[in-house]
Amino acid sequence: MDFISEYYFDFGLMGDNLGPVLEGFWLTIKLSVLSGALALAWGLVLAVLRQLPGTPLAPVRWLTIAYIDAFRGIPLLLVLFLVSGFLSAAQAEDVIPRAIGLPEWLGQTSPFWYGVIALTLTYGAYMAEVYRAGIEAVPRGQTEAARSLGMSHGQAMRFVIVPQAVRTVIPPLLNDFIALMKDTSLVSVIGALEVVQVGFDVQTSEFNGSALVLGALLFLLVTIPLARLVDVLIARQQARSGRGGAAPGGGQPESTSGPAAGPAGGPAATGGLGRA
Amino acid sequence: MSAEAHSDGAAANGPMLKLVDVHKRFGQLEVLRGVDLEIDRGEVVCVIGPSGSGKSTLLRCINLLEPPESGQIFLEGTEITGGGAKQGVNFVRRRVGMVFQQFNLFPHKSAVENICIAQEKVLGRDRAEAREKAERLLARVGLADKVGEYPDRLSGGQQQRVAIARALAMDPHAILFDEVTSALDPELVGEVLDTMRELAEEGMTMIVVTHEMGFARDVGRRVAFMDGGVVVECGPSAEVLGNPQQARTKRFLGQVLEH
């Protein structure tokens, strides 16, 4: 019993390593926020490309679907290796400039940027599917009303469909963000000194997991409030859609399960307004 | 108030809208089997018929929400079907408004924003101009006090009147009404029909798919009875409703008017 508490909850050791652990967590936060923001944007681009109308644009849709399928279907770790390996090799062979192959922008290391790229590529694909569910859940009549007023497909998407879709998918997007945040720990394997790596280094040298537990607590400090926020948003949506109004109940059950949780479920049930 | 919409002289003499042998199918189902119809400027034509007869599809073909498979549609003398499909779409959508059974207001926008958005993005009106027009139209449909209200705070009848104002804001030459009172509670039907009646009196060209026989009789200049994807009978409202010539029309009216 003593051993267990000492192994996981050695507060002295936590105190000694507080600085490095916090520093590592700060890197985790930076990785998460930057990758999360980029994935949100990239995912929306993919979702919109996937919805482009007409026969001439079919190849764009197919390519987009192929991209989404591919990146949802391969492990992030693998993407991470492929991205970092390719970029560093390509700059070594002078195929691409060094500043791109070994990016050290904004004072961050190359592994940080490799991580941002891999997380954005992968989570963009997840989030594209979430957006798509939201877009498809907007009743068809909305598009028809917009088009009947003379709006183009693009205008209808931009001013009518996407704003409604985004509102309904904020909770599942937040869930994906939580998953992304936890997946930033994978970037440690290519050399980023984020919180898990810092804790692991301490464990290796001290034969004690307390620094890792400290890291876990820091994660929970962020992810639990986010999970509660998701709950609140879902409850609010359900209250609103109770009147047969705008918001389809786009909520997933609160879930902070691993990266393999994949995209949010299928299209959220519509408010039943769509006409046959 | 909307008279300026009718000022462009093109094809002022010919029919406003002319449909020639329009066909539409959904997979195996042939919904329109050759519809011919002419509608004059300022005319109100009510389209009646049993459900599944193709009334709504007809309206949706007219503004190319559902492009017809074959046949021709002429709007103010210009063919909107056939080649140059995209031009046809733009041509008709700039001139013909539509009001839907389910209102289809944009739920994330207030009443006035619903009316402004297309004015600004499609017609390029500036914000103040669009807003002024929107407020004027809301007052006209009796909703001056609901300017900033969101659709989910409005009754069905109020939402539908906002939808009518939204269509009017684009200065349409004609408006299509697709069973616009069918989703309303009975006590709210009157306010929407009154708004439409006023529009008709002001000379708006209207094609009204409806189950409101009273409205068809009083406001419609002509009534077209559709069944099985064709116009079975079309003529002055009083004649078609009062003294139908076709057996199918008689049977339908018999069923409808019994209640």
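Buried here means under 20% relative accessible area, exposed means over 50%, and partly exposed covers what lies in between (1.4 Å probe, protein chains only). The model is predicted, so local features need pLDDT of at least 70 and side-chain atom pairs count only at pLDDT 80 or more, while totals for chains, interfaces and linings use all residues. Residues are numbered from 1 along each chain as its sequence is written, chains are lettered from A in the order in which they are written, and side-chain values use heavy atoms, with hydrogens and water left out.

Salt bridges, each a side-chain nitrogen of Lys or Arg within 4 Å of a carboxyl oxygen of Asp or Glu, number 23 over all chains. One of them links Arg60(B) to Glu144(A) at 2.4 Å, N to O. Arg60(B) sits in helix α1 (residues 55-62) of chain B and Glu144(A) in helix α8 (residues 140-148) of chain A, so this pair joins two chains. Glu144(A) is buried at 9% relative accessible area, and Arg60(B) is buried too, at 10%. Helices here are DSSP runs of H or I with at least four residues, strands are runs of E with at least two, and both are numbered from the N terminus.

Within chain A, Asp69(A) and Arg72(A) meet at 3.9 Å, N to O. They are 3 residues apart in helix α4 (residues 58-73), about one helical turn. Asp69(A) is partly exposed at 44%, as is Arg72(A) at 29%. Both belong to a salt-bridge network with Arg50(A), Glu129(A), Arg132(A) and Glu136(A).
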